[in-house]
Amino acid sequence: MMWYENDQTIRMMVVDDDPDYREKMRATFEGHHRIRVIALAQGGRDAVGLARDNAPDAVIIDLGLADMSGLDVAEQIAKVSPGTVVFIATDTPSMDLYRRATALGVRQVFTKSMTGHDIAGMVEQEVDAVREDLRRQAEKMPLVTPGTGPAGLRGNGAGYVPRQLQTFKKTVIAVTSGIKGGVGKTTTSVSMACAAATQADVGVRVALADLNESGNVTIQLNMGPPENHVAKSILNWHYMSDNPSVEELHEFMIKHNPTGVWVVPAVPTPDRIVELNKDLIVKVINILRQNFDLVICDLPPSITFDASWATIELADYVLLVVNPDDQEISGIKQFCNVVTSLGCSGKCYRVINKYNEPESLSIADMNRSQPYPMLGKFPYDPGVRRGRKLGYPYILEQPNSEYAFHVREVLNKMFPVFGESSFQPSGQKKSIFSSLFGIFKRNTAV
Ligand SMILES: Nc1ncnc2c1ncn2[C@@H]1O[C@H](COP(=O)(O)OP(=O)(O)OP(=O)(O)O)[C@@H](O)[C@H]1O
Ligand SMILES: [Mg+2]
């Protein structure tokens, strides 16, 4: 594992029922070279919600809040935003308080009379220490075996519809999971890519990069397994120029004719995943970002790959796909550790796949025990599996299914290209603005 530069910014939240102290903290860190106050909360309950939605790097909690004890708030924040480094501020520190606080994972208890300068130094030091620690742990994590996925059969492709280049805010989405395989990352990546590329109203140029060691993207798209695409595998991008022409892109990528999605096939054989290093990922993503409106990267179920780390750092959004299964919790925690060590928690979102499977956890339970804002939930639908066997994505076969509506709705929160009618399975109207509001709120929480 190579060394990564993490993002040095520290996104901090302050929780205090005293408006003067909140104002003091806001003013203290205004213009600070690393610490940015992204949220201020006056009550514990608000604070827990804000922590889940913002995944701050650090939070300062007043011990004696009006609605809850600061220690209870710390305990709850540790659940909904496990990467956040927690500090307790009090007028009356004691050894007993210190012991109880550190048992809950609080990093420091400090007196409210401490100067802003000293608080900043303490926050920087503790956040850096936690990141460093998590990074060391992450480097020692075992590689995880990928989930299953039988090699798919081939289906028929319909005619190719050429698309025009239009201007969009270029967006790179990394689709990942806690270390659990088989949760639906590839299905989600393929579905979102196909949905965007076939959006009738606008011409969106979409690229889909398969960063798995045993790639399923081309299989799900009816283009054969990666070993059929040795000449176009991602490893060939070593030879691509930094500013390729369209002809050169054609040489290195495969176009999925039914949708117009451009695919970067995975490494041809799993053992060659070691060649997929950070430099190559940086090159691939930079080139894709220059040439496409939407870039979706399907990551392997192993957060320890160089490729995963580099992609998470470069992406605009990291979409964590989870299933409603409590066995995922420890894997998600490991994922959070890596993301925290990279300073990337603020761009992580979650989607629940197969939320309605029998015996599954409820959405409320998942929201209580899992980090990052939930962008949506996809139903279990046997058609998804069928579409995969046919090699023709279900979202194209059944664009009016509940599954397809929800995929478009989730994608729209990151890459808003769909009109309102694209995601109303049961006639409930939901405006695009209210969908976007969650993200807007997250970016402007102060
Ligand atoms: N919403 C869904 N409804 C029904 N089946 C689904 C759904 N999502 C995924 N599947 C099926 O679950 C299986 C695993 O999905 P997929 O290959 O996308 O997972 P993955 O997370 O990419 O796996 P890996 O870790 O191996 O990369 C596939 O057979 C897929 O068709
Ligand atoms: Mg996969």
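**Two sheets and the helices around them**

Okay, let's start with one residue pair: V15 sits opposite I61, and I61 belongs to strand 3. That pair is a piece of the pairing between strand 1, residues 10-15, and strand 3, residues 58-62, which is parallel and has 4 bridges. Before I go on, keep in mind that this is a predicted model.

So what sheet are those two strands in? It's an open sheet of 5 strands, the order is 2-1-3-4-5, and the pairing is parallel. Which strands stand at the edges there? Those are strand 2, at 35-41, and strand 5, at 108-111; each has a single partner strand, so one side of each has no neighbour in the sheet. From one strand to the next, the twist averages 25°. Then there's helix 1, residues 19-29, which packs on this sheet and touches strand 1, strand 2 and strand 3. The direction of helix 1 makes about 160° with that of strand 2.

Let me zoom out for a second. The protein has 446 residues, and 49% of them are buried. The secondary structure adds up to 16 helices and 13 strands. For those of you who like contact maps: take the contacts with a separation of 6 or more, and 74% of them are between residues 24 or more positions apart.

Now the other sheet. This one is also open, with 8 strands in the order 8-9-7-10-6-11-12-13, and here the pairing is mixed. Its edges are strand 8, at 254-256, and strand 13, at 374-378; with a single partner strand each, they have one side left without a neighbour in the sheet, which is why I call them edges. The twist averages 25° from one strand to the next.

The strand I'd look at here is strand 10, residues 294-298. How many of its residues are buried? That would be 5 of 5. Both faces are covered, with L294, I296 and D298 buried on one side, and V295 and C297 buried on the other. Yes, D298 is in that buried set.

Who are the partners of strand 10? Strand 7, residues 206-210, pairs with strand 10 in the parallel sense over 5 bridges. Within that pairing, V206 stands opposite L294, and A207 has V295 as its bridge partner. Strand 6 also runs parallel to strand 10, joined to it by 5 bridges. There, T171 has L294 as its bridge partner. So L294 turns up twice, opposite V206 and as partner of T171.

On to the helices around this sheet. Helix 10, residues 306-314, has 7 of its 9 residues buried, so the rest of the structure largely encloses it. The buried ones are A307, S308, W309, A310, T311, I312 and E313. What do they pack against? The list is strand 6, helix 9, strand 10, strand 11 and helix 11, at 329-341.

Let's stay with helix 9, residues 278-291. Two packed helices are described by the angle between their axes and the distance between the axes. For helix 9 and helix 10, the angle is about 40° and the axes are 9 Å apart. Helix 9 and helix 10 are therefore oblique to each other, and helix 9 passes helix 10 in a right-handed crossing. In that contact, K278, I281, V282 and I285 from helix 9 meet D306, A307, A310, T311 and L314 from helix 10. By type, those residues split into 6 nonpolar, 1 polar and 2 charged. And why does that kind of spacing show up along a helix? An α-helix has 3.6 residues a turn, so residues three or four places apart point the same way.

Last stop, helix 15, residues 402-414. Helix 15 packs on the 8-strand sheet, touching strand 6, strand 11, strand 12 and strand 13, and its direction makes about 165° with that of strand 13. Helix 15 has a helix partner too: helix 6, residues 185-197, whose axis comes within 10 Å of that of helix 15 and crosses at roughly 80°. That makes helix 6 roughly perpendicular to helix 15. The residues that meet are S191, M192, A195 and A196 from helix 6 and V407, R408 and L411 from helix 15. This contact divides into 5 nonpolar, 1 polar and 1 charged.

That's my tour. Questions?

How values were computed:
Residues numbered from 1 in each chain as written. Chains lettered and ligands numbered in written order. Predicted model: local features only at pLDDT ≥ 70, side-chain atom pairs only at ≥ 80, totals over all residues. Pairing = 2+ DSSP bridges. Axes fitted to C-alpha atoms, helices over the stretch in contact; angles between N-to-C directions. Contact = placed C-beta atoms within 7 Å. Parallel < 35°, antiparallel > 145°, perpendicular 65-115°, else oblique. Left-handed = near helix turned anticlockwise from the far one by under 90°. Nonpolar A, V, L, I, M, F, W, Y, C, P; charged D, E, K, R; others polar. Buried ≥ 20, exposed ≤ 12 C-beta atoms within 10 Å, placed from the backbone.
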